[in-house]
Amino acid sequence: MSNDEFRGALARLAAGVVLITAQEPPLDENGRGEDVGMTATAFMSVSLDPPLVLVSLRNGSRMDDLLDEQPLWAVSVLTESQRHIAGRFAMKGRISDRLLFEDIPYVRGEVTRAPLVGGSLATLECRTEQRVLAGDHTLVIGRVLSASLPSADGGPLTYFRGRYRQLG
């Protein structure tokens, strides 16, 4: 089986789209760390008791490196109207994260201090419980410390056959 055959087969699996965020530790005691964000489609619930979720991160990516040192992170479940946010944080060779967050409405999580996107269907604040190396990715299992439902409007943003889609 080739990589293209494998990728093509899994492209037929629809996935929800989330934005994973975290705050880098400050460089000195007077500063604030930079906000970092990454679009993810490999995100799922793992357990209700205790409440656990999982995100798959490419080994050596900025988010993988950050979550190796920063145990607190957040998830915003994106709506179909937030496609531009998903695309912005999924770009290769993108500009700095500071500029990516510039015109996106968000609040800071009370527990993680990570950005939580305004108008998301749901937001979660998490603490890493376990990291599992799996091929060219790391599976990060996080305990959910808080959950909220900022918006009931709109449907979820999904990813299917290599494109962002809407349900229905």
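This is a short tour of the structure above, stop by stop, with something to select at each one.

**Before you start**

You are looking at a predicted model, in which local features need pLDDT of at least 70, side-chain atom pairs count only at pLDDT 80 or more, and totals for chains, interfaces and linings use all residues. Residues are numbered from 1 along each chain as its sequence is written, and side-chain values use heavy atoms, with hydrogens and water left out.

**Stop 1: the start of the chain**

Select M1, F6 and L10, and show their side chains. Together they make a nonpolar patch on the surface, with about 380 Å² of accessible area. A patch here is built from residues with over 30% relative accessible area and no salt bridge; nonpolar side chains (Val, Leu, Ile, Met, Phe, Trp, Tyr) are joined within 5 Å, and like charges within 9 Å. The areas come from the Shrake-Rupley method with a 1.4 Å probe, and for residues only the protein chains shown count as cover.

Now zoom in on L10, which belongs to helix 1 (residues 3-10). Helices (H or I, at least four residues) and strands (E, at least two) are DSSP runs, numbered from the N terminus. With a relative accessibility of 44%, L10 counts as partly exposed. On this scale, buried means under 20% relative accessible area, exposed means over 50%, and partly exposed is in between (1.4 Å probe, protein chains only).

**Stop 2: a three-stranded sheet**

Next, select residues 15-16, 157-160 and 163-166: strand 1 and strand 12 are the first and last of these ranges, and strand 11 is the middle one. They form an open sheet in the order 1-11-12, with antiparallel pairing. Strands 1 and 12 stand at the edges with a single partner strand each, so one side of each has no neighbour in the sheet.

How many bridges join each pair of strands? Strand 1 pairs with strand 11 over 2 bridges, while strand 11 pairs with strand 12 over 4 bridges. Two strands count as paired if DSSP finds at least two bridges between them.

To see who faces whom, pick G16 and find T158 of strand 11 opposite. Then pick Y159, whose bridge partner in strand 12 is Y164. The hairpin of strands 11 and 12 has 2 residues between the strands, and there R161 takes a positive phi near 50°.

Stay with T158 for a moment. Is T158 buried or exposed? It is buried, at 12% relative accessibility. Leaving aside neighbours within four places in sequence, T158 is in contact (heavy atoms within 4.5 Å) with A15, V17, R163, Y164, R165, Q166 and L167.

**Stop 3: an aromatic cluster**

Select F89, F101 and Y106, which ring pairs link into a cluster. The whole structure holds 3 aromatic pairs. In F101 and Y106, the ring centres are 5.7 Å apart and the planes stand at 70°, so this pair is edge-to-face. The rule is that rings of Phe, Tyr and Trp (its six-membered ring) pair if their centres lie within 6.5 Å; planes under 30 degrees apart count as stacked, over 60 as edge-to-face, and the rest as tilted.

Try a surface view here: F101 is buried at 5% relative accessibility, whereas Y106 is partly exposed at 31%.

**Stop 4: charged partners**

A salt bridge is a side-chain nitrogen of Lys or Arg within 4 Å of a carboxyl oxygen of Asp or Glu, and the count comes to 9. Select E24, E34 and R62, which salt bridges link in a network.

Which parts of the chain does the pair of E24 and R62 link? Their side chains meet at 3.2 Å, N to O. E24 is in the loop between strand 2 (18-23) and strand 3 (35-40), and R62 is in helix 2 (residues 62-69), 38 residues apart. R62 also bridges to E34, with the closest N and O atoms 3.6 Å apart. E34 lies in the loop between strand 2 and strand 3, so this pair ties together parts 28 residues apart in sequence.

Each member of the network is partly exposed: E24 at 24%, R62 at 35% and E34 at 28%.

For a last look, select E129 and R127, whose side chains meet in a salt bridge at 3.1 Å, N to O. E129 is partly exposed at 39%, and R127 is partly exposed at 34%.
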